[in-house]
Amino acid sequence: MAVDVLVIGSGPAALAIAAALVEQGLMVEALASVDPEVPWANTYGIWGPEVDALGLEALLGHRWSHTSSYFGADPQSPATEHGTGQRGAVSHGIDYGLFDKTKLQHHWLEQCRGGGLRWHRGLATAIRHEALQSTVTTQEGQELSARLVVDASGHQPVFVQRPDDGPVAGQAAYGVVGTFSAPPVQPGQFVLMDYRCDHLTPQERWESPTFLYAMDLGGGVFFVEETSLALAPPVPYDTLKDRLLRRLAHRGVQVLEIQHEEFCLFPMNLPLPDLGQQVVGFGGAASMVHPASGYMVGALLRRAPVLAAAIASGLRTPGLDSANLARRAWAALWPLQLRRKHALYRFGLDKLMRFPEAQLRAFFANFFAMPPAQWYGFLTNTLPLPQLIAAMLRLFATAPWSVRWGLLEPRGRELALLGRLFWP
């Protein structure tokens, strides 16, 4: 007998949508290649107001009010060149939080258990579509049928199809949780971006820019991570590790004890999936990573209930076949406004990936000089489309000429990406 929905995956996206579906009173099963109780490897951050609006602040393991970035100036140039204005910290004035991974995972798992969700272990290998159901076959030969299949298996999904749209840029990061010979950041501080480059040679400053993402975890423990915003192909881990250790050494800091090493790599500018296919995606499988910031967990929390409600409504519509049920679900997940915003973000990222280090520092210094409501809404993808366009126009109007030219210069596929704002 076919259940209402079969969810594929066991990561944050799979648990988020599975929990939202059972909250709708649906019969849900899930298929995962690994035990859903296995702890997640990576860390997940979110802005304070974003988690507050969801009423989930209790799931944070850490929260910082002292949030800042450093953009500095070229070590061989006056501090005011490129519009950076100063070498010190740029205060953001908005709280930032880090999820307690175990709490977040168990929050969703408990919702799934409470709704009677049944887990299957196995690797999905094939799918067969019929008018009123889809049947997934596992590597072991097990068959699982549902009115709708939701693929939340990650950035390289099992079944979701997306067009080939050229090179995919990856955000790569190498990080360390541990103790240090001296504090790598100020006590109680969260650093979103430290683009200061005085530890690099002049030649290296023309190479792919990277920045420090760091935080004080308390008790003498810190998390420091060298990050590349996006590049195709991505910056190698060895390069990121070397830059991180040199950055720390330049400030008289050495790693004393490594409690955890983090290797992070995910695609930033994936095209939208085929929104007419009968399998529905969620999370990385549905290209939900924010192309300008890399954030996704906030979007999972906001958009899972919307998608689940649309699926529940479709299932309760008499005579609706599975293909049209999937189309309704895709339309709820990727409505026109979100598709247009996605096109704008991809256009912007394509520009930034070509910026050399000094130009990129100038861009971000100007970006965070905007009113907090604008840059926060940009990074969280919560601005309505007209306000997003207004923020981007303001950013261009107030930018130094070096940044304006970088934004105007036509190179690569940027015009094609911008065209999708009008024809998404």
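This report walks through a predicted model, from two of its enclosed elements to its cores, cysteines and salt bridges.

## Helix α9 and its surroundings

Let us start with helix α9, which spans residues 372–380 and is mostly covered, with seven of its nine residues buried. The buried positions are Q374, W375, Y376, G377, F378, L379 and T380. Which elements do the buried residues of α9 pack against? Their partners are β3 (45–47), α2 (48–53), α5 (297–315), α7 (336–352), α8 (357–367) and α10 (385–398). Just after the helix comes N381, where phi is positive at about 60°.

One residue to look at here is Y345, which sits in helix α7. With a relative accessibility of 2%, Y345 is buried. Its side chain reaches the backbone oxygen of F378 at 2.9 Å, and F378 is one of the buried residues of α9. Setting aside residues up to four places away in sequence, Y345 touches H290, P291, A292, G377, F378, N381 and L388. The C-alpha atoms of Y345 and P163 are 18 Å apart in space, while the two residues are 182 apart in sequence.

## Strand β13 between two partners

Next, have a look at strand β13, residues 189–194. Six of its six residues are buried, so the strand is largely enclosed by the rest of the structure. Strand β5 (residues 66–70) pairs with β13 in the parallel sense through four bridges, and H66 stands opposite Q189 in this pairing. Strand β14 (residues 211–218) runs antiparallel to β13 and is joined to it by three bridges. There, D194 stands opposite L212.

Q189 belongs to β13 and is buried, at 1% relative accessibility. Where does the side chain of Q189 reach? It comes to 2.9 Å from the backbone nitrogen of Q186. Apart from neighbours within four places in sequence, Q189 is in contact with W64, H66, S68, Y70, A214, M215 and D216. Of these contacts, H66 is also the residue opposite Q189 in the strand pairing.

## Nonpolar cores and cysteines

The largest nonpolar core holds 119 residues, and the members that touch the most others are V7, F99, F282, I311, F364, F367 and F368. A second, separate core has 17 residues, among them V176, V191, F222 and V224.

F282 makes a good example from the largest core. Leaving out neighbours within four places in sequence, F282 is in contact with A13, A16, I17, V150, D151, A152, M288, L300, R303, A304, L307 and L333.

How many disulfides are there? The count comes to zero. Two cysteines can still be placed: C112 is buried, with a relative accessible area of 1%, and C264 is buried too, with a value of 13%.

## Salt bridges

The model has 16 salt bridges. One of them joins R63 and D52, whose closest N and O atoms are 2.8 Å apart. Because R63 lies in strand β4 (residues 60–64) and D52 in helix α2, this pair ties together parts that are 11 residues apart in sequence. R63 is partly exposed, with a relative accessible area of 35%, and D52 is partly exposed with a relative accessible area of 35%.

Are R346 and D165 buried or exposed? Both are buried. These two form a salt bridge with the closest N and O atoms 3.0 Å apart. The pair links distant parts of the chain, as R346 is in helix α7 and D165 in the loop between β11 (143–151) and β12 (170–180), 181 residues apart.

A further salt bridge brings us back to β13: the side chains of R247 and D194 meet at 3.8 Å, N to O. This pair also links distant parts of the chain, with R247 in helix α4 (residues 237–250) and D194 in strand β13, 53 residues apart. R247 is buried at 1% relative accessibility, and D194 is buried at 3%. Through salt bridges that share partners, D194, R196, E226 and R247 are joined into one network.

How values were computed. Residues numbered from 1 in each chain as written. Predicted model: local features only at pLDDT ≥ 70, side-chain atom pairs only at ≥ 80, totals over all residues. Heavy atoms only, no water. Buried < 20%, exposed > 50% of the residue type's maximum accessible area, 1.4 Å probe, protein only. Helix = DSSP H or I, 4+ residues; strand = E, 2+ residues; numbered from the N terminus. Contact = heavy atoms within 4.5 Å. Pairing = 2+ DSSP bridges. Disulfide = S-S within 2.5 Å. Polar contact = N/O pair within 3.5 Å; in protein donor to acceptor, adjacent residues only side chain to side chain. Core = buried A, V, L, I, M, F, W, Y, C linked by side-chain atoms within 4.5 Å. Salt bridge = Lys/Arg side-chain N within 4 Å of Asp/Glu carboxyl O.
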